[in-house]
Amino acid sequence: MKDCLGLSVKETEVDLLAAIGLPDPSKGVTYDVGLEGFPAFKLDKSSYIRKAAETYFTDRIGKINDFAIGITVKVFSKDGILFAVKNIYETVIAFGVRITAAGNGKHNIVLYYKEDHQYGQISVTIGNFTVDNIDRNSFTKLAIKVQGDTVTLFDNCEEVERQQVLNRQPLQFSTGSPLYIGQGGPNFEDTSFEGVIQELKYYTNPAKAEELDCLSLDSGSGSGDKDDDEDRFKPVITLVRLGEYG
């Protein structure tokens, strides 16, 4: 596999749910039944999972450049962070994904990505997509692909939208940066995720976002109109990088 500069990159997969370990009901985490009967993790508002980010990212992949994120989820909360890597002072989210209610049955999928995060005060997003079929009663598969200056969202294996990001640089975490699952930690107290997560994976190969298997999804899990190509495929747009989240 090669990155956008044509350089060879080792292909690596990181299962972020490994940070949960064994579920502990006293800590707000229990097992649930996922697609095809496989286990999933149910998180309530009291869950607290905090690990060293270097264990999952720095030690395994070094810098973050082109990548994909695979997500299989049920969402109960109106606003929840699936995962967040923060700077050592815990003032900003350097890297993470957030799902927020957007009204009228829609949700926003937000991707945080901030290169100069060490002394930052404002979290930066490079992707903010709106989808309309995340249901609390059935699983939704989401995938984010970041390659070069383009960020693409896939919703149940259908491409939703592409957004452009300006001057994106590789991202590297400082020693001591924390990884949170299901929340954003201090300064993001009102963003605890409530729901069920079956998959939360990081891939160094961005093409993985287009290879997720959606055959196991429950029939009728989406509430949006998947037959309308004009709604499903939107033109590439330029995204202004604003620190509007946190």
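Twelve salt bridges are present in the structure, which is a predicted model. One of these ion pairs joins the side chains of Glu13 and Lys201, with an N to O distance of 3.2 Å. The two partners belong to distant parts of the chain: Glu13 lies in strand E1 (residues 13-15) and Lys201 in strand E14, with their positions 188 residues apart in the numbering. Glu13 is classed as partly exposed because its relative accessibility is 39%. Lys201 has a relative accessible area of 22% and is therefore also partly exposed, given that the buried class ends under 20%.

A further salt bridge connects the side chains of Asp66 and Arg168, at 2.9 Å from N to O. Asp66 is located in the loop between helix H2 (58-61) and strand E5, whereas Arg168 is located in the loop between E12 and strand E13 (178-181), so the contact ties together parts of the chain that are 102 residues apart in sequence. With a relative accessible area of 5%, Asp66 is buried. Arg168, at 13% relative accessibility, likewise counts as buried. Salt bridges with shared partners also join Glu11, Lys208 and Glu211 into one network. In addition, Lys86 is paired with Glu90 through a salt bridge whose closest N and O atoms are 3.4 Å apart. Both Lys86 and Glu90 are buried. Side chains of opposite charge can pair when their charged atoms come close.

Covalent cross-linking was examined next. A search of the whole structure returns one disulfide. This bond is formed by Cys157 and Cys214, whose sulfur atoms are 1.9 Å apart. Its half-cystines come from distant parts of the chain, 57 residues apart: Cys157 is in the loop between strand E11 (150-155) and strand E12 (158-164), and Cys214 is in the loop between strand E14 (195-203) and helix H3 (229-232). The torsion about the S-S bond is about 90°, and the disulfide is therefore right-handed. The two cysteines fall into separate accessibility classes, since Cys157 is partly exposed at 35% relative accessibility, while Cys214 is buried with a relative accessible area of 17%.

Nonpolar side chains were considered both in the interior and on the surface. The largest nonpolar core comprises 48 residues, among which Phe57, Ile64, Ile69, Phe95, Leu111 and Leu179 touch the most other members. Strand E5 (residues 67-75) supplies the largest share of this core, namely five residues. In soluble globular proteins, nonpolar side chains tend to be buried together. On the surface, Ile88, Tyr89 and Tyr119 form a nonpolar patch, and their combined accessible area is about 350 Å². Tyr89 of this patch is placed in the loop between strand E6 (79-86) and E7. The relative accessibility of Tyr89 is 48%, and this residue is therefore partly exposed, as the exposed class begins over 50%.

The surroundings of Thr100 were also characterised. Thr100 belongs to strand E7 (residues 93-103) and counts as buried because its relative accessibility is 7%. When residues up to four places away in sequence are set aside, the contacts of Thr100 are Lys78, Asp79, Lys106, His107 and Asn108. The C-alpha atom of Thr100 is separated by 8.4 Å from that of Ile81, a residue 19 positions away along the chain.

How values were computed: Residues numbered from 1 in each chain as written. Predicted model: local features only at pLDDT ≥ 70, side-chain atom pairs only at ≥ 80, totals over all residues. Heavy atoms only, no water. Helix = DSSP H or I, 4+ residues; strand = E, 2+ residues; numbered from the N terminus. Buried < 20%, exposed > 50% of the residue type's maximum accessible area, 1.4 Å probe, protein only. Contact = heavy atoms within 4.5 Å. Disulfide = S-S within 2.5 Å. Core = buried A, V, L, I, M, F, W, Y, C linked by side-chain atoms within 4.5 Å. Patch = residues over 30% accessible without salt bridge, like charges linked within 9 Å, V, L, I, M, F, W, Y side chains within 5 Å. Areas by Shrake-Rupley, 256 points an atom, 1.4 Å probe, with all protein chains shown as cover. Salt bridge = Lys/Arg side-chain N within 4 Å of Asp/Glu carboxyl O.
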